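Me: Here is a chain to go through together. Short questions, short answers, please.

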Amino acid sequence: MLKKKPSTVTPSPPLSLSPPPSPYQNDAVSEDAFAMMGPLFPSDLITSILSRLPVKSLGKFKCVSRQWLETITDPYFVSTHRTFSLNNPNLLLLKKTPVLQEAHKKKCTRIDVCSLNFDGSSKNLDFSLYLNDDAECIEMLPSKWDIICFVSENGFYVCNPSTQEMVKLPEASCCTSGEVNAGMGYLKQRDEYVLVHLFDKSLDMHVDNYIGCEVLRLSDGKECKWKMVEANCPFTVRGWGVLVNNVFYWMFWDVYTHPSDDAIISFDLEKEEFGTVLPPEGCFDPHGLWSLVELGGNLCLVDNATRPFTMDIWVMKDYNNQKWVWEYSIDLNGYSNDILKFIIPLEFRDGKILMDAKQESLDCYDVENKCVKRMDHLISGEWTWLRLYNESFFSLGS
């Protein structure tokens with residue numbers, strides 16, 4: 001079992017990164033050995049080997065030779081590296097710890113970041129970053145890509161763990177209710193991240209349910225800014241938004257404000273319009289423990305409470321006619337009561353559903369054999385967030 005080393009980093013100013021450990025400290029292959037590969041191996045083999053290495057290592061290898069610099073920065077190589085990374089994701093563990101800046105006696109938060117492969121045999125990165133916010137106010141939006149997003153009372157931050165680069169996004173609109181409702185997703189066809197922010201202006205407008213909406217698109221190496229949407233969100237939502245097929249989805253917050261039996265609100269990024277979605281007919285309990293996730297490119301409605309020790313997952317199969325299919329029923333008898341409500345499906349891959357069990361384990365449900373395999377040996381210590389993550393050269397333009 002991997003043990004988390006105690007942090008020895010002295011708190012630095014906000015948005016700074018602590019010096020990362022050398023990626024070669026536990027590797028059998030040194031930089032000198034890689035430098036000798038040039039005359040010994042054909043270029044296509046070198047490219048194949050390099051495409052399997054972490055981005056932080058490749059940043060150093062650019063200095064080996066002009067040939068290696070051209071290879072690593074070539075768009076084809078970047079695309080090949082991304083494809084390999086997407087097919088071989090890592091497990092990203094994040095832990096937030098409140099700290100006090102001695103110089104200014106101000107509260108800030110250290111976030112420790114650690115990346116492991118799925119069998120726990122390799123630690124790909126381990127570093128810390130700092131936010132000038134109270135730890136209790138910082139949350140991380142769900143994601144399973146190369147960019148992670150933090151949100152606090154002071155705004156939104158994005159970080160690429162591969163490059164250990166972090167920036168604060170342009171200031172978002174002020175929310176009078178103090179609640180932050182947002183969603184982040186990745187659009188493959190446009191190679192960009194989209195962040196949607198819903199903000200309550202009812203106190204300013206002296207009317208109820210005046211919820212504005214703004215959108216920020218983040219492209220590789222380019223500047224970004226918020227765009228205000230004309231349409232207002234008609235109802236208060238709960239949870240983080242889930243992006244599927246260019247549409248964000250949220251659960252309704254207050255069941256008594258529903259216009260009908262609708263349970264989900266949608267926002268079409270292309271049309272910039274809000275709509276509502278009906279839940280599965282005859283089974284949905286608005287008072288129950290239901291949540292939305294994206295699995296295998298599909299919108300899924302997860303029920304953790306209707307049936308004891310069972311997780312039911314409904315999949316939206318027909319978006320035009322809003323037709324749900326009861327696809328999975330996962331037996332959770334192997335879990336204690338205090339964990340049952342905190343089991344969250346993360347991803348569907350290779351016939352298995354990967355689940356976060358209260359940041360204590362990354363578990364795997366085999367759809368064909370209908371059994372759960374616990375992988376708690378991957379995680380040691382108290383972690384605030386657990387995500388899937390892939391290596392990437394994506395630049396935040398900082």
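Reply: One term to begin with: buried means under 20% relative accessible area, exposed over 50%, and partly exposed in between, with a 1.4 Å probe and protein chains only. This is a predicted model, where local features need pLDDT of at least 70, side-chain atom pairs count only at pLDDT 80 or more, and totals for chains, interfaces and linings use all residues. Residues are numbered from 1 along each chain as its sequence is written, and side-chain values use heavy atoms, leaving out hydrogens and water.

Me: Is Ser128 buried or exposed?
Reply: Ser128 sits in strand β3, residues 123–131. Strands (E, at least two residues) and helices (H or I, at least four) are DSSP runs, numbered from the N terminus. The relative accessible area of Ser128 is 4%, so Ser128 is buried.

Me: Which side chain does the side chain of Ser128 join in a polar contact?
Reply: A polar contact is a pair of N or O atoms within 3.5 Å; within protein, one must be able to donate a hydrogen and the other to accept it, and residues adjacent in sequence count only if both atoms are side-chain atoms. For Ser128 the contact is 2.5 Å, and the partner is Asp112.

Me: Which strand gives the most to the largest nonpolar core?
Reply: A nonpolar core is a set of buried Ala, Val, Leu, Ile, Met, Phe, Trp, Tyr and Cys residues joined through side-chain atoms within 4.5 Å. The largest has 20 residues, of which Phe156, Val158, Leu195 and Leu218 touch the most other members. β5, β6, β8, β9 and β10 each supply at least two residues. With three residues, the top contributor is β8.

Me: Which residues does Leu218 touch, not counting those up to four places away in sequence?
Reply: Contact means heavy atoms within 4.5 Å. By that rule, Leu218 touches Val158, Glu192, Tyr193, Cys224, Phe394 and Leu396.

Me: Is Lys341 buried or exposed?
Reply: Lys341 is in the loop between α8 (337–340) and β20 (343–349). Leaving aside residues up to four places away in sequence, Lys341 touches Leu289 and Asn304. Its relative accessibility is 58%, so Lys341 counts as exposed.

Me: What share of the chain's residues is buried?
Reply: The chain has eight helices and 24 strands. It holds 398 residues, and the buried share is 47%.

Me: What share of the contacts with a separation of 6 or more joins residues 24 or more positions apart?
Reply: One example of separation along the chain is Lys341 and Met311, 30 residues apart, with C-alpha atoms separated by 9.6 Å. For the contacts in the chain, the share is 51%.
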